[in-house]
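The following questions and answers go through packing, burial and backbone geometry, each to be checked against the coordinates.

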Amino acid sequence: MKKTIATLILCMALFQSHAQQFLPTLKEAYQEQFLMGVAVNQRNISVPEQMELIRQQFNSMTAENDMKPQPTEPAEGQFNWNGADRVANFCRQNGIKLRGHCLVWHNQIGNWMFTDSTGQTVSKELLLKRIERHIEAIVNRYKDVVYCWDVVNEAITDDPHAECPYRQSRLYQIAGDDFIRCAFRAARKADPNALLFYNDYNECDKFKRQRIYNMVKEMKADGVPIDGIGMQGHYNVFGPSEAEVDSTIALYRKVVDHIHITELDVRVDSKMGGQLNNNGETAQLSPELVAQQEQQYARLFRAFSKHADVVDCVTFWNLSDRDSWLGSDKYPLLFDKNYKPKKAYELVVGKIQPK
């Protein structure tokens, strides 16, 4: 009897392994709908097995950190292209499209951008000139391989009670919303062919999404060249709901023709958004949480697919749980810490509808 049970278990494992071999890859499953992307670090494009997984699964890539303002221009006029070049060259050599991320952000930006030689805060005019010079340099360097840019990242406040819709960053304190206008115009001048995105998190929150919509609508009415909205997609197993994602995309598509899901992950605790806001919370992984994550991924992709005429690209923020900025204990991606596909992967590529 024991031998029979052991044989049955082995047969089931072999069947599952055999079945996985016939599943489509992510890019194959959605080739008629949108690009499938991944954010990468330097290890991902150096380790052969990880390189092959990228080539196999994805047709769009984002540099997780290597193209941000601080890594590329740590001091004024002193550029460090090493990491960004390696990412760009990997894309060039493998025929993978590259999302540029990001040109202007209040984080990971050199303090030199805001101060003069005496340590005093610069004028608005000088700040905008520095933004223009940075954008001109990086966009021109990668315009042959970058098909779109997250031009401005996270400029809207998270506070639903704030009178001003903008984050009170140093960028805003010095230049008001003109830093946004300046950045988009500089990016368009440097590369007229690239799609230009405003990118933000908590983008399904009913207060924040309205402010994002209002800002983009106003900017576009003033001739600011914003082509699309990037929905970061740092979600959890509890939310947002499929209806919230659906209605958010429906709102944004009223004002832009391109929507990208730019930083997708689904963590197994109750936190979400663009900050490492763990607050000491730990989630004991259980079959129930795993099942919730699987169904959340299925719901999300049903919403994305519904709007495939405007959703151009869905990008996962990191290749596997091992790489995740959230930590592998949040179990947030389709590939586990050993780079093996989870059942959630099977649901996504199989386009299985949620229960």
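Helices (H or I, at least four residues) and strands (E, at least two) are DSSP runs, numbered from the N terminus. This is a predicted model, in which local features need pLDDT of at least 70 and side-chain atom pairs count only at pLDDT 80 or more, whereas totals for chains, interfaces and linings use all residues. Residues are numbered from 1 along each chain as its sequence is written, and side-chain values use heavy atoms, with hydrogens and water left out.

Q: In which strand is cysteine 102 found, and what is the omega of the cis peptide bond that joins histidine 101 and cysteine 102?
A: Cysteine 102 belongs to strand S3, which covers residues 97-105. The peptide bond joining histidine 101 to cysteine 102 is cis, and its omega is about -10°.

Q: Which proline is joined to glycine 239 by a cis peptide bond?
A: The bond has an omega of about 0°. The residue that follows glycine 239 across this bond lies in the loop between strand S7 (234-236) and H10, and it is proline 240.

Q: Is tyrosine 339 buried or exposed?
A: Tyrosine 339 sits in the loop between S9 and H12, and its phi is near 65°, a positive value in a residue other than glycine. Burial is judged by relative accessible area, with buried meaning under 20%, exposed over 50% and partly exposed in between (1.4 Å probe, protein chains only). Because its relative accessible area is 13%, tyrosine 339 is buried.

Q: What is the relative accessibility of glutamine 108?
A: Glutamine 108 is placed in the loop between S3 and H6, and it has a positive phi of about 45° although it is not a glycine. It counts as partly exposed because its relative accessibility is 32%.

Q: How do the axes of H10 and H11 cross, roughly parallel or roughly antiparallel?
A: Axes are lines fitted to C-alpha atoms, for helices over the stretch in contact, and angles run from 0 to 180 degrees between N-to-C directions. The axes of H10 (residues 242-252) and H11 come within 9 Å and cross at roughly 25°. Angles under 35 degrees count as roughly parallel, over 145 as roughly antiparallel, 65 to 115 as roughly perpendicular and the rest as oblique. The angle therefore makes H10, relative to H11, roughly parallel.

Q: How many residues of the contact of H10 with H11 are charged?
A: Contact means heavy atoms within 4.5 Å, and this one is made by Glu242, Val245, Asp246 and Ile249 of H10 with Arg299, Leu300, Arg302, Ala303, Phe304 and Lys306 of H11. Ala, Val, Leu, Ile, Met, Phe, Trp, Tyr, Cys and Pro count as nonpolar, Asp, Glu, Lys and Arg as charged, and the others, Gly among them, as polar. The residues of the contact divide into five nonpolar and no polar, while the number charged is five.

Q: Which residues of H11 meet H12?
A: The axes of H11 (residues 287-306) and H12 (residues 343-350) come within 9 Å and cross at roughly 20°, so that H11 is roughly parallel to H12. On the H12 side, the residues met are Lys343, Ala344, Leu347 and Val348, and on the H11 side they are Glu294, Gln295, Tyr297 and Phe301.

Q: Which helix gives the largest share of the largest nonpolar core?
A: A nonpolar core is a set of buried Ala, Val, Leu, Ile, Met, Phe, Trp, Tyr and Cys residues joined through side-chain atoms within 4.5 Å. The largest core has 105 residues, of which Met61, Ile131, Phe179 and Phe301 touch the most other members. Its largest share is eight residues, and these come from helix H8.

Q: Which residues does alanine 137 contact, leaving aside its neighbours within four places in sequence?
A: Alanine 137 is found in helix H6 (residues 124-142), and with a relative accessible area of 24% it is partly exposed. One of its partners lies in the loop between helix H4 (69-72) and helix H5 (82-94), and this tryptophan 81 is buried, with a relative accessible area of 14%. Beyond the excluded neighbours, alanine 137 is in contact with Phe79 and Trp81.
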